[in-house]
Amino acid sequence: MGPAPARAEHRGTAGEPEVMESALEGTGKEGKKESLKKRKIAGSPGEGLLQPVKLSRAELYKEPTNEELSRLRETESLFHSSLLRLQVEELLKEVRLSEKKKERIDAFLREVNQRIMRVPSTPETDLTNQAWLPDGVQVPIHQVPYTVKGRFHFLPPAQVTIVGSYLLGTCIRPDINVDVALTIPREILQDKDGLNQRYFRKRALYLAHLAHHLAKDPLFGSVRFSYPNGCHLKPSLLLRPHGKDERLVTVHLHPCPPPDFFRPCRLLPSKSNVRSAWYRGQSPSGDGSPEPPTPHYNTWLLQDTALESHVQLLSAVLGSASGLKDGVALLKVWLRQRELDKGLGGFSGFLVSMVVAFLVSTRKIHTTMSGYQVLRSTLQFLASSDLTVNGISLCFSSDPSLPALADFHQAFPVVFLDSSGRLNLCADITASTYHQVQHEARLSMALLDSKADDGFQLLLMTPKPMIQAFDHILHIRPLSRLQAACHRLKLWPELQDLGGDYVSAALGPLTTLLEQGLGSRLQLLAHSRPPVSEWDISQEPPKHRDPGVLTLGLLLRPEGLTSVLELGPEADQPEAADFRQFWGSRSELRRFQDGAIREAVVWEAASMAQKRLIPHQVVTHLLALHADIPDTCVHYTGGLLDALIQGLKEASNTKGRMVVSQGGEPVMVPNVEAILEDFAILGEGLVQAVEARSERWTV
């Protein structure tokens, strides 16, 4: 899209008369008198105020046009009010990218393409011989173990392709990111590069060489590495313009293999592409035992091969349907406000775009729908479906060689296949994150159906961090303690699959452990991992423990929360052994009033406030018993209002007077006015706390 032709005249919008400046006719006294009269009128007391528009009788009672009638019917049937429609339209104006900025970004992208193609090549060496790298740049991945087969040399990319939301027109402000795929020439790769991280090592060296040369170019104000999706095996190179345009855009460079380089049959979820002997530094066992599968490792390889096919699919579905693009933009805002798209395993904007594409392919969304309809339909689908049990697929082929959905359910907690039928788009999403998305979608649908006046504000304009969304919050730190947890839980296959990422390996088993222990007390358990910060090309890549903390949120049920008893099976049943093994020393045999002798766990709680904190005892006990995480590493936050409530009770009890009842016994009669005063103070404090947390999101 280029600039307007030089001879193009400025015209009004469609349906409006052209605005033209009339020339002054004559410069005599009459013309001067006329202009003086106009100036007097303009200098009237109402100057600067909006004046009412004077319409003729014919214009005032003119019949509405078909377009106006259609808009009124659409507002009545699709929106709860005209105000909601105006709010949605104004939000979309705020988050969309203007045409002027698009032109500047396009110019920068053309310069980036030229700079990349001019990077010189290097001679061929072994992968482990990295002496050719200059001192000012580090390889952006941890090469553990370091020894690996293969050879590498740099050549300019065979193709440079823009992929992602910028090309589709669905990116939203304030952070504009442009994803660029660099196709690695086939001469650099070898047939067995899919094994033992060879491809990922070459990918990292490719970025390191690019970073060294691009950092010297004055076009770029910043050249840094990052893990955009939290995967420590797949870094990207970030380029930002120099000068005043530094915050205009961030370009992410993603090296990818040529099409059809990897054999699809070798990347099925049941296949192994990381050898145990190589990863653990041991000699092959030779006992014929099968290698553990590496489903996540295989998925990361497939993701790089599918970058272009995914953007082609989304381009064909979204096309020129402005309503679908508006709906995707609204969904991205919805995810961002709830912090659901952050960190490894987040429900990203790309993923929600693919969900919209699935709903279009299944005719649950039509291309003529408005953005608000797309938002409602997608939230309804997320709230009512369960991809942890019944996965979905964009592949409608009947090819018998394709794996079944059941094969993916055995390897991943959440299943959503792309159009190839081989790549699980939700491979990195945990069941806890997906259930949190489900929960928020249900709350949002209830909010929309309630037709509340502040529904738009709560749905799309109010941030909802974890501290506000959950009853109890616990932080596990330092994260290095999770490495010991992986050894205690015997998660060697998971570590081998995830490239040594012990935080991701331990996350699933820990959440499953706590969900089982909390049982009926728990409504929802979610986790939040802060995204890994970008780093300079001269620094070593961040370690798995560098984010500092793993945060878990507990949403509790009022029913059964204060129960001090965990009732187990009877002593002579086979399940009793599993109960004792799960609860450890806290499990004991008890005889109950009905004569039954059962396994049980009794928690210490003398007051109601302590009973509400029983989940704290459950969490610390199970983490110490099964994951070797002591209570000193678990920082628990809950029951913060208990001290305030207790202080209120004590203050109210002192505000009373003693009277003598008819029986002669002294009785304390509380001062009702003092109690109401205390509750008023408490209410004001709560309102101030909520308002402090409900600042408007700025774009």
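The crossing of helices H10 and H12 is left-handed. This pair is a convenient place to enter the structure, which is a predicted model. H10 covers residues 307–318 and H12 covers residues 349–361. Their axes lie 10 Å apart and make an angle of about 50°. The two helices are therefore oblique to each other, since an angle counts as oblique when it falls outside the ranges under 35, 65 to 115 and over 145 degrees. On the H10 side, the residues that meet H12 are His310, Leu313, Leu314 and Val317. On the H12 side, they are Phe350, Ser353, Met354, Ala357 and Val360. Sorted by class, this contact has 7 nonpolar and 2 polar residues, and no charged ones.

Now consider the protein as a whole. It has 699 residues, and 43% of them count as buried. Its secondary structure comes to 25 helices and 19 strands. Of the contacts between residues with a separation of 6 or more, 70% are accounted for by residues 24 or more positions apart.

Among the strands, 4 form an open sheet, in the order E11-E13-E10-E17, with antiparallel pairing. Strands E11 (522–528) and E17 (634–637) are the edges, each pairing on one side only. From one strand to the next, the twist averages 20°. Strands of a sheet pair through backbone hydrogen bonds, in either a parallel or an antiparallel sense.

The sheet can be followed from one edge to the other. E11 and E13 run antiparallel and are joined by 6 bridges. Across this pairing, His527 stands opposite Leu552 of E13. E13 in turn pairs with E10 in the antiparallel sense over 5 bridges, and here His472 stands opposite Leu554 of E13. E10, made of residues 472–476, pairs with E17 over 4 bridges, again in the antiparallel sense. The bridge partner of Ile473 in E17 is Thr637.

Two helices pack on this sheet. Helix H15 (residues 431–449) touches E11 and E13 (550–556), and its direction makes about 115° with that of E11. Helix H20 (residues 502–518) also touches E11 and E13, with its direction at about 160° to that of E11.

How are the side chains of E13 and E17 placed? E13 is mostly covered, with 7 of its 7 residues buried. Leu550, Leu552, Leu554 and Leu556 point one way from E13, while Thr551, Gly553 and Leu555 point the other way, and all are buried. Along the edge strand E17, the side chains alternate between two faces. Val634 and Tyr636 point to one face and are buried, whereas His635 and Thr637 point to the other face and are not buried.

One further helix pair remains. Helix H18 (residues 481–488) and helix H23 (residues 614–627) have axes that come within 8 Å and cross at roughly 60°. H18 contributes Ala484, Ala485 and Arg488 to the contact, and H23 contributes Ala624, Leu625, His626 and Ala627. By class, the contact of H18 with H23 has 5 nonpolar residues, 1 polar residue and 1 charged residue.

Note on methods:
Residues numbered from 1 in each chain as written. Predicted model: local features only at pLDDT ≥ 70, side-chain atom pairs only at ≥ 80, totals over all residues. Heavy atoms only, no water. Axes fitted to C-alpha atoms, helices over the stretch in contact; angles between N-to-C directions. Left-handed = near helix turned anticlockwise from the far one by under 90°. Contact = heavy atoms within 4.5 Å. Nonpolar A, V, L, I, M, F, W, Y, C, P; charged D, E, K, R; others polar. Pairing = 2+ DSSP bridges. Buried < 20%, exposed > 50% of the residue type's maximum accessible area, 1.4 Å probe, protein only.
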